[in-house]
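Me: I would like to go through this chain with you and ask, for each label, what earns it.

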Amino acid sequence: MKHRVLAVVGVTVFSWVLGFSAVALVKIEDQWASASINNSSNSAVFMTLTDISGQGDMLVAVSSPVATTTELHIHKTVNGVMQMRPVSALPIPAGGSITLQPGAEHVMLIGLKRPLREGEAIPLQLVFTHSNIVETTVPIRGVGDLHAHTGHGNPGSGGTDH
Ligand SMILES: [Cu+2]
């Protein structure tokens with residue numbers, strides 16, 4: 001997991017050295033993180049990513065100072081049980097969008113250095129293959145929002161932590 005953090009730092013420095021302008025080719029909307037539940041050390045971030053370059057893009061890494069480790073996750077139903085799986089990238093179709101949401105793709109925050117409190121916000125850095133690095137601020141929403149978005153009354157099933 002250290003490698004991913006180092007990779008992010010490396011890409012950042014690389015961008016500075018080459019003087020890349022921060023032209024966002026991906027639009028980030030409706031981002032939010034779920035507030036910590038029962039002192040859980042994990043949480044998740046959700047958002048809608050839209051490719052405005054017309055060429056498609058790929059989210060390859062995410063980092064935040066509030067989490068020790070950050071992973072890109074998808075949900076898969078295996079033998080009727082929803083499971084989270086880490087993936088190396090989340091592709092955004094050319095001119096289209098993907099929605100990271102509970103029960104689907106999401107950014108997993110692992111090893112929170114402090115609980116996420118509703119009403120606060122956390123900084124998040126996203127690394128794309130084309131759009132390079134995009135910094136954003138993610139508001140923290142309460143658990144009620146999470147359940148409202150999942151659409152099924154089955155919290156805590158499948159060994160998920162958010
Ligand atoms: Cu997850």
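The exchange below takes the labels in turn.

Me: How do you know which parts of the model can be read in detail?
Reply: This is a predicted model, in which local features need pLDDT of at least 70, side-chain atom pairs count only at pLDDT 80 or more, and totals for chains, interfaces and linings use all residues. Residues are numbered from 1 along each chain as its sequence is written. The pLDDT (the predictor's confidence in each residue, from 0 to 100) averages 82 over the chain, and 73% of the residues score at least 70. Over residues 13–19, however, the pLDDT is below 50, and this stretch has three contacts in the model beyond near neighbours in sequence; a contact requires C-beta atoms, placed from the backbone, that lie within 7 Å. Residues 147–160 also stay under 50, with 11 contacts beyond four places in sequence. Where pLDDT is low, the predicted coordinates should not be read in detail.

Me: What makes up the pattern of the chain?
Reply: Helices (H or I, at least four residues) and strands (E, at least two) are DSSP runs, numbered from the N terminus. The chain has two helices and 10 strands, and along the sequence they follow the pattern α-β-β-β-β-β-β-β-β-β-β-α.

Me: Why are β9 and β10 called paired?
Reply: Two strands pair if DSSP finds at least two bridges between them; eight bridges join β9 (residues 121–128) to β10, and the two run antiparallel, so the definition is met. They form a hairpin with three residues between them, and F128 stands opposite N132 in β10. Strand β10 (residues 132–141) also pairs with β1 (residues 26–34), in the parallel sense and over two bridges; here A33 has I140 as its bridge partner in β10.

Me: Why is L100 called buried, and G103 partly exposed?
Reply: A residue is buried if 20 or more other C-beta atoms lie within 10 Å of its own, exposed if 12 or fewer, and partly exposed in between, with C-beta atoms placed from the backbone. L100 has 22 such atoms and is therefore buried, whereas G103 has 17 and is therefore partly exposed. L100 lies in strand β7 (residues 97–100), and, leaving aside neighbours within four places in sequence, is in contact with F46, M47, E105, H106 and V107. G103 lies in the loop between β7 and β8, and its C-alpha atom is separated by 6.0 Å from that of H75, 28 residues apart along the chain.

Me: What is unusual about the phi of N79 and N132, and are these residues buried or exposed?
Reply: Most residues other than glycine have a negative phi. Phi is near 50 degrees in N79 and near 60 degrees in N132, a positive value in each case. N79, in the loop between β4 and β5, has 5 C-beta neighbours inside 10 Å and therefore counts as exposed. N132, in strand β10, has 21 and is therefore buried.

Me: What makes the set that includes A33 and I122 a nonpolar core?
Reply: Such a core is a set of buried Ala, Val, Leu, Ile, Met, Phe, Trp, Tyr and Cys residues joined through C-beta atoms within 7 Å. The largest has 28 residues, of which A33, A44, V45, L59, V107, L109 and I122 touch the most other members. Among the strands that each supply at least two residues of this core are β1, β9 and β10. Leaving aside neighbours within four places in sequence, I122 is in contact with A33, S64, V66, L116, V138 and I140.

Conventions: Contact = placed C-beta atoms within 7 Å.
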